[in-house]
Amino acid sequence: MKIKLKNTHLLKQGGKVVLLFAAAFLVGHGVGKTQEHFFPETAATSASGEGNWGLSFQEEGKAPIANATAEDLKKFDAYYIGDSDEKVLYLTFDAGYENGNTALILDALKKHNAPATFFVVGNFISSEPDLVKRMTEEGHTVGNHTYHHPDMSQMASKEDFQKELGDVETKYKEITGQEMTKYYRPPQGKYSETNLEMAKELGYRTYFWSLAYVDWYQDNQPTKEEAFEKLLGRVHPGAIVLLHSTSKTNAEILDELLTKWEEMGYTFKTLAEIP
């Protein structure tokens, strides 16, 4: 069974702005800090389906059109959106390295009693055990973003695939004494049917996203106004929100952002509560 992808003409329909998000961090073998990310602001006209997670925002306040349906993804225990009939948000953060913003993000989440999932790579979990412990102690979930952040869709060997996830699991247990919750986010948002099936066979649920914005360039952070324009204008019921914990803007605005979402009638739930 193949995931059925939306026709590329949908991405151009009505002159709508398209965001093609291929998320997060390029982290080199657990050492150093890489600040380059793959998140093109607009989609190429040749955007293919399987391989790159893609979103087309058609109407403000409404869920975007993705290049795979929620129903097709669910066959692989994969999700990009929750209950679209309920004003609930599922907060997630990709964490590739630490630059002083994660603690502030945790402070804001604690103030609002808002649960989140932090998808960590090997570099982060190895270098920031205290933050990982704090995430766990404060009721958040630590998810698996692989150890080295490779293009997992090109990984044909199940053993290699399992090792990328297993090394993060092992480190998490060393730090917390607990088994890691089996939530997986594909590096760069790249996936394949085989890739999703491997994750499912290993007991993982895969989580993409339905709301994100360009927040990863450390030396070119969006302004507060730019962030609010995207995150308030495109928020929608059931959104799985992807933010980066490296973002100074995110750390500075999160308290106010959560307040604004609450004023719009939204509440926050865990990924485990997605129906």
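This tour visits three helices and the contacts around them in a predicted model.

**First stop: helix H2.** Select residues 102–111, which form helix H2. Which residues of H2 are buried? They are Thr102, Ile105, Leu106, Ala108 and Leu109. These residues lie on the same side of H2, because they cover an arc of only 160 degrees around the axis. A general rule helps in reading such a pattern: an α-helix has 3.6 residues a turn, so residues three or four places apart point the same way. Now select Lys110 and Lys111, which are exposed on the other side of H2.

Next, display what covers the buried residues of H2; the cover includes strands E5 (88–95), E6 (116–120) and E10 (240–244). Helices H3 (122–127), H4 (129–137) and H8 (248–263) are also included in this cover. Before leaving, select asparagine 113, which follows H2 and has a positive phi, near 50 degrees.

**Second stop: helices H4 and H5.** Keep H4 in view and add helix H5, residues 158–176. How do the axes of H4 and H5 cross? They come within 10 Å and cross at roughly 80 degrees, which means that H4 is roughly perpendicular to H5. To see the contact, select Pro129, Val132, Lys133 and Thr136 in H4, together with Tyr172, Ile175 and Thr176 in H5, which they meet. By class, this contact of H4 with H5 has four nonpolar, two polar and one charged residues.

**Third stop: helix H7.** Finally, select residues 224–233, helix H7. The buried residues here are Ala227, Phe228, Leu231 and Gly233. Strand E10 and helix H8 are among the elements that cover the buried residues of H7.

Note on methods:
Residues numbered from 1 in each chain as written. Predicted model: local features only at pLDDT ≥ 70, side-chain atom pairs only at ≥ 80, totals over all residues. Heavy atoms only, no water. Buried < 20%, exposed > 50% of the residue type's maximum accessible area, 1.4 Å probe, protein only. Helix = DSSP H or I, 4+ residues; strand = E, 2+ residues; numbered from the N terminus. Arc of directions from axis to C-beta. Contact = heavy atoms within 4.5 Å. Axes fitted to C-alpha atoms, helices over the stretch in contact; angles between N-to-C directions. Parallel < 35°, antiparallel > 145°, perpendicular 65-115°, else oblique. Nonpolar A, V, L, I, M, F, W, Y, C, P; charged D, E, K, R; others polar.
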